Amino acid sequence: MDGSRKEEEEDSTFTNISLADDIDHSSRILYPRHKSLLPKMMNADMDAVDAENQVELEEKTRLINQVLELQHTLEDLSARVDAVKEENLKLKSENQVLGQYIENLMSASSVFQTTDTKSKRK
């Protein structure tokens, strides 16, 4: 085999790999060379994949930020509900105290005393 033909084979898309039993170079099996395939991949396809990955990453980032914002909102609402519950219990307690105070005032005042006219006349 001459030198120019050997160079052509090395530059081709396939690499010749000889079988162990074969001495004759004409019966070599051809396998694709990975080095030569990579530069021939379409750059547009790779750019499209990169663009899709970028879009997916941006979408994931947006969704994560939205989830975090919703979590903070939920935490704020939960804290507000707890505060309102505490205030409600406090007001109920104050209302009971005021109700008891008013009852005591009314029972002590003669204006609010029930009058039994039959018992006074006897």
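I began with Arg62, which comes out as partly exposed at 44% relative accessibility, and I kept in mind that I was reading a predicted model.

I then looked up Glu59, and found that Glu59 is partly exposed too, its relative accessible area being 37%. The side chains of Glu59 and Arg62 form a salt bridge, with 2.7 Å from N to O, which fits the cut-off of within 4 Å for such a pair. I noted as background that side chains of opposite charge can pair when their charged atoms come close. Why might Glu59 and Arg62 be in reach of each other along helix 3? The two residues are three apart in helix 3, which covers residues 43-108, so about one helical turn separates them. Counting by this rule, I arrived at one salt bridge.

Next I turned to the UniProt record, where an unreviewed entry lists residues 60-94 as "coiled-coil region". In the model, I found residues 60-94 to be 100% helix and 0% strand, with 51 Å between the C-alpha atoms at the two ends.

I also searched the surface, where Tyr101, Ile102, Leu105, Met106, Val111 and Phe112 make a nonpolar patch of about 630 Å². Of these residues I placed Tyr101, which sits in helix 3.

Last, I checked how far the prediction can be trusted, and wrote down a mean pLDDT of 75 for the protein, with 57% of the residues scoring at least 70. Which helix has the highest confidence, and which the lowest? Helix 3 is highest with a mean of 92, whereas helix 1, residues 3-11, is lowest with a mean of 50.

Definitions and conventions. Residues numbered from 1 in each chain as written. Predicted model: local features only at pLDDT ≥ 70, side-chain atom pairs only at ≥ 80, totals over all residues. Heavy atoms only, no water. UniProt positions renumbered as here; feature names shortened; annotations may be inferred. Helix = DSSP H or I, 4+ residues; strand = E, 2+ residues; numbered from the N terminus. Buried < 20%, exposed > 50% of the residue type's maximum accessible area, 1.4 Å probe, protein only. Patch = residues over 30% accessible without salt bridge, like charges linked within 9 Å, V, L, I, M, F, W, Y side chains within 5 Å. Areas by Shrake-Rupley, 256 points an atom, 1.4 Å probe, with all protein chains shown as cover. pLDDT = per-residue confidence, 0-100.
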